[in-house]
Amino acid sequence: MSLGSYRCFTGITNYSYHQLCAAKGPRPRFPRVWKSRKRIGTVSKSLKLVECIRGLSNVKEEVYGALDSFIAWDLEFPLITVKKALKKLEEEKEWKRIIQVTKWMVSKGQGKTMGSYFMLLNALAEDGRLEEAEDLWSKIFSENLEGTPRIFFDKMISIYHSKDMHRKMFEVFADMEELGIRPNNSIVAMIGDAFKELGMFDKYEKLVKKYPPQIWEYRYVKGKRVRVRTEYVKEPVNLIVSEPNM
């Protein structure tokens with residue numbers, strides 16, 4: 001058999017392979033049955049997750065069961081979808097749902113990051129569950145110590161400041177100073193207010209001298225460390241505070 005007749009017999013033309021059917025043409029290709037032609041993005045899927053748990057009660061088993069059934073067909077845990085759903089719940093101030101979804105996610109061994117723990121801490125504080133917030137703070141602080149981000153100290157001091165728990169405020173501030181973490185302007189302002197409310201004007205003066213208002217600070221924007229200008233009191237701080245007349 002010559003080379004030309006072999007090419008015509010096997011359907012090889014110009015060294016390209018074609019599979020011929022009975023009608024002497026390329027065999028039609030049909031989409032696979034097991035492949036989905038429509039892909040759902042993480043944004044729309046996260047909105048479906050929010051709608052899935054919105055009308056449920058606060059029973060733990062009911063919420064966890066709905067979340068388990070939502071991800072039942074996923075080969076991997078949809079971490080990005082859950083994080084976007086938590087962000088949506090945070091915008092809507094659904095603190096109870098944030099607590100439930102975050103605890104469910106952590107129970108699956110997923111999302112154990114400082115961002116998730118801070119969102120849970122904020123939700124517990126906003127929901128009025130101070131004891132659970134303190135337990136979470138104690139766990140994070142004992143496990144990380146020097147690696148604890150300053151934003152957690154700021155949050156705990158603001159929680160105690162709103163409830164006039166001055167002693168615990170000073171304990172958290174003392175931990176910061178012991179670890180060498182410089183407080184930002186908001187922390188110094190809250191501690192200063194507590195000193196003035198308790199009549200500790202000498203300690204207030206020492207605090208202002210030790211930590212003057214910062215003009216610049218660093219924040220993380222989209223994972224990058226950015227230097228931004230802070231909001232501070234432009235007028236000089238009067239360190240001489242007159243005690244009230246008795």
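# Exercises on a predicted model

In this predicted model, pLDDT stays under 50 over residues 1–18, a stretch with 10 contacts beyond four places in sequence. Over residues 233–246 the pLDDT is likewise below 50, and the model gives this stretch 12 contacts beyond near neighbours in sequence.

## Exercise 1. Confidence

Task: State what pLDDT the protein chain averages and which share of the residues scores at least 70.

Solution.
- Step 1. The average pLDDT of the protein chain is 82.
- Step 2. A score of at least 70 is reached by 77% of the residues.
- Step 3. Set beside this the stretch 1–18, where pLDDT is under 50.
- Step 4. Where pLDDT is low, the coordinates should not be read in detail.

## Exercise 2. The hairpin

Task: Describe how strands β3 and β4 pair, and find the residue in the turn that has a positive phi.

Solution.
- Step 1. Locate the strands: β3 covers residues 216–221 and β4 covers residues 224–229.
- Step 2. Their pairing is antiparallel, over six bridges.
- Step 3. Take V221 as an example; its bridge partner in β4 is K224.
- Step 4. Two residues lie between the strands of this hairpin, and K222 in the turn has a positive phi of about 55°.
- Step 5. Check the cover of β4: among its six residues, the count of buried ones is zero.

## Exercise 3. Positive phi in loops

Task: For L145 and D164, give phi and say in which loop each is found.

Solution.
- Step 1. Most residues other than glycine have a negative phi, so a positive value deserves a note.
- Step 2. L145 has a phi near 50°. L145 sits in the loop between α7 (130–144) and α8 (150–162).
- Step 3. With a relative accessible area of 42%, L145 is partly exposed, because the class runs from 20% to 50%.
- Step 4. For D164, phi is near 55°. This residue is in the loop between α8 and α9 (166–179).

## Exercise 4. Salt bridges

Task: Count the salt bridges, then work through the pairs K45 with D74, E132 with R129 and E134 with K168.

Solution.
- Step 1. The count is 14 salt bridges.
- Step 2. In the pair K45 and D74, the closest N and O atoms are 3.0 Å apart. K45 belongs to helix α2 (residues 42–54), whereas D74 is in the loop between α3 (60–70) and α4 (79–91); the two are 29 residues apart, so this pair links distant parts of the chain. D74 is partly exposed at 26% relative accessibility.
- Step 3. Between E132 and R129 the closest N and O atoms are also 3.0 Å apart. Both ends are partly exposed: E132 at 30% relative accessibility and R129 with a relative accessible area of 26%.
- Step 4. For E134 and K168 the closest N and O atoms are 2.8 Å apart. Because E134 lies in helix α7 and K168 in helix α9, this pair ties together parts that are 34 residues apart in sequence.
- Step 5. Compare the ends of this pair with the cut-off for buried, under 20%. E134, at 16% relative accessibility, is buried, while K168, at 23%, is partly exposed.
- Step 6. Look for shared partners: salt bridges join K96, K103, D127, R129 and E132 into one network.

## Exercise 5. The largest pocket

Task: Give the space in the largest pocket, the residues closest to its centre and the element that gives the most to the lining.

Solution.
- Step 1. The largest pocket holds about 960 Å³ of space.
- Step 2. It is lined by 27 residues, and R150, I151, Y218, R219 and Y220 are the closest to its centre.
- Step 3. Two or more lining residues come from each of α4, α6 (114–126), α8, α10 (185–197) and β3.
- Step 4. The most is given by α6, with five residues.

## Exercise 6. A residue of α6

Task: Decide whether N122 is buried or exposed, and list the residues that N122 touches.

Solution.
- Step 1. N122 has its place in helix α6.
- Step 2. The relative accessible area of N122 is 12%. Buried means under 20%, so N122 is buried.
- Step 3. Leaving aside residues up to four places away in sequence, N122 touches E90, W95 and K155.

Technical notes. Residues numbered from 1 in each chain as written. Predicted model: local features only at pLDDT ≥ 70, side-chain atom pairs only at ≥ 80, totals over all residues. Heavy atoms only, no water. Pairing = 2+ DSSP bridges. Helix = DSSP H or I, 4+ residues; strand = E, 2+ residues; numbered from the N terminus. Buried < 20%, exposed > 50% of the residue type's maximum accessible area, 1.4 Å probe, protein only. pLDDT = per-residue confidence, 0-100. Contact = heavy atoms within 4.5 Å. Salt bridge = Lys/Arg side-chain N within 4 Å of Asp/Glu carboxyl O. 1 Å grid on protein atoms, 1.4 Å probe; cavity = no way out; pocket = protein on both sides within 12 Å on 5 of 7 lines; lining within 4 Å. Points joined across faces, edges and corners; volume = space filled by probe spheres on them.
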